[in-house]
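Visitor: Could you pick one part of this model and give me a close look at it? I'd like to hear how it fits in with what lies around it.

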Amino acid sequence: VVFPMAAAVVWRRGAAWLRSCRGNRQLPGVPRARGCAGSREVVPTCERYAVRRLPFARLAEGDVAFFERLMPGRVITGEEEVKPFNVDWLKSVRGCSQLVLKPQTTAEVSQILRYCHEKNLAVNPQGGNTGLVGGSVPVFDEIILSTALMNQVISFDKVSGILVCQAGCVLERLSEYLEEQGFIMPLDLGAKGSCHIGGNVATNAGGLRLLRYGSLRGTVLGLEVVLADGSALDCLTSLRKDNTGYDLKQLFIGSEGTLGVITAVSILCPQKPKAVNVAFLGCQSFAKVLETFTTCRAMLGEILSAYEFMDEKCMELVETHLKLSSPVADSPFYVLIETSGSNSTHDEEKLNNFLERAMASGLVTDGTVATDEKKIKASHLRERITEALTHDGYVYKYDISLPVGMLYDLVTDMRARLGQSAKNVVGYGHLGDGNLHLNITAESYSHSLLDAIEPFVYEWTARCSGSISAEHGLGFKKRHFIQYSKPRQAVLLMQQFKAMLDPKGILNPYKTLPSAP
């Protein structure tokens, strides 16, 4: 069962009932997770939809013994050891899994899923557990399959720039490995120190470099995936062009572990830029932010690699909670521009020409430029906003795609709607991609506040032909809102794909899609 931690995400307070859990007995040597004790189980009800455990088998002594024979020393059953795997990064939801498995090879993943398929045991694939929509932790007692030990680089071709690696490689470790070879990863995230490349692909993560290098749907060349029945699908090609039949890898990119477990990735990596510059600018209005982007894109052209914006409330939180100061004077809006190219003199000249134009025309009121690596890292205040928000209270997070011109209107409307019931309503994101991160903080969880936010935020987004999830996925928290972004026929087709590839529904159940009719 998903239990509220600091606060519930969707649960009605005080509306829990007890039901009998015959056969759900304690396993010798397997401590029961807190909140899941005894032969009686607390099952909270949901305000908007009921979530009940599907008729999967319960973990038995023989199951644990099988996994211990398969992977001696890599089966975790202790309560304290299992606890971090049961809790999401935001500490908003937790599951009751009693077992974590840590395979090292695709063959081991295959044997695990073959066994679970035969025994009808539900499985929760988990990478770095940095997801923000409850997709990476169990809802009930699903077995957690962690890819943490699948962390080997298989190959790297310096001529083509193609990297092949296991799914459990941490994004930051891959970046460090590639930089030694003169290359970089095509994506960069604030969670890069913990997230796994397999999880990035499974959620189709976006990040700061999408403007320059595109999405993972373009840079991922091939995947190795283990299906629900344990069969391994080897589509780990390193070809940039392959027009033979359906592009099956696209089914698994963004599927959030519901169609198969990604075990290896082939990805195209760009060469490391020889010159990187970062400008941090202040703008007096969002209209100026938009006009600055138009001018920036026209004048910087091929060297523009990132265009991020944040409002003044974001910077106030970073300064208050993280004690980091803004490099420019107080402004209603801030813009972070990154350029990357091969000629520092050429790039700096283009950037300076742009900044002169922006200042002279009044688009920008203040700014600073960093060219050396230490200053560039220090200026990446944008990456610290998520961390600062967690210190401000309970956070309601929304990851929205909208037409660029309307991006901040949602923040303005939400502030007017919530008034004093919210502590802070902030907006920031990847303006170049039309991706808004809307965050609302409160002293503590409030169901009335959630009712004021949802479904208003999704209805507003749908009216503007936007998407309710730009890059975070749907996970557990948003799966029942998919109709705001996808037509009924599309959802039905997705459910048919799920039923075909995972007929027993054991892979990451209760996630991504609403239950099939």
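**A helix and its two sheets**

Guide: The protein has 17 helices and 20 strands (DSSP runs numbered from the N terminus, with helices being H or I of at least four residues and strands E of at least two). Keep in mind that this is a predicted model, in which local features need pLDDT of at least 70 and side-chain atom pairs count only at pLDDT 80 or more, while totals for chains, interfaces and linings use all residues. Residues are numbered from 1 along each chain as its sequence is written, and side-chain values use heavy atoms, with hydrogens and water left out.

Let's go for helix 3, residues 106–119. It lies across strand 11, strand 12 and strand 13 (261–268), and it also packs on a sheet where it touches strand 6, strand 7 and strand 8; contact here means heavy atoms within 4.5 Å.

Take the sheet with strand 11 to begin with. Five strands make up this open sheet, in the order 9-10-13-11-12, and the pairing is antiparallel (strands pair if DSSP finds at least two bridges between them). Strand 9 (153–157) and strand 12 (232–235) each have a single partner strand, so they stand at the edges with one side lacking a neighbour in the sheet. From one strand to the next, the twist averages 10°. Strand 11 (residues 220–226) and strand 12 are joined over 4 bridges in the antiparallel sense, and E224 sits opposite D234 of strand 12. Helix 3 runs at about 45° to strand 11; angles are taken between N-to-C directions, from 0 to 180 degrees, with axes fitted as lines to C-alpha atoms, for helices over the stretch in contact. Helix 4 (residues 171–181) packs on this sheet too, touching strand 9 and strand 10 (162–166), and its direction makes about 30° with that of strand 9.

Now for the other sheet that helix 3 touches. It's an open one of 4 strands, ordered 4-6-8-7, and here the pairing is mixed. Strand 4 (75–76) and strand 7 (123–126) are at the edges: each has a single partner strand, so one side of each is left without a neighbour in the sheet. Strand 7 and strand 8 (residues 143–146) pair in the parallel sense over 4 bridges, with N124 opposite I144 in strand 8. Helix 3 makes about 165° with the direction of strand 8.

There's a nice detail in the loop between strand 5 (93–94) and strand 6 (100–101), which is where S97 is found. S97 counts as buried because its relative accessibility is 2% (buried is under 20% relative accessible area, exposed over 50%, partly exposed in between, with a 1.4 Å probe and protein chains only). The S97 side chain reaches the backbone oxygen of E142 at 2.8 Å.

While you're here, have a look further along the chain. All 7 of the 7 residues of strand 19 (residues 424–430) are buried. Strand 19 pairs antiparallel with strand 15 (residues 304–311) over 3 bridges, and with strand 20 (residues 435–442) over 7 bridges, again antiparallel. Y428 takes part in both pairings, as the bridge partner of M310 and of H437 in strand 20. Strand 19 and strand 20 form a hairpin with 4 residues between them, where G434 in the turn has a positive phi of about 70°.

Next come two loops on either side of helix 16. P455 is in the loop between helix 15 (447–453) and helix 16, and a cis peptide bond joins E454 to P455, with omega about 5°. S465 lies in the loop between helix 16 and helix 17 (488–501), and its phi is near 60°, a positive value in a residue other than glycine. S465 counts as exposed because its relative accessibility is 66%.

T512, in the segment after helix 17, also has a positive phi, about 70°, though it isn't a glycine. At 9% relative accessibility, T512 counts as buried.

Stepping back to the whole protein, 55% of the 517 residues count as buried. Of the contacts with a separation of 6 or more, residues 24 or more positions apart account for 76%.

Terms used:
A polar contact is a pair of N or O atoms within 3.5 Å; within protein, one must be able to donate a hydrogen and the other to accept it, and residues adjacent in sequence count only if both atoms are side-chain atoms.
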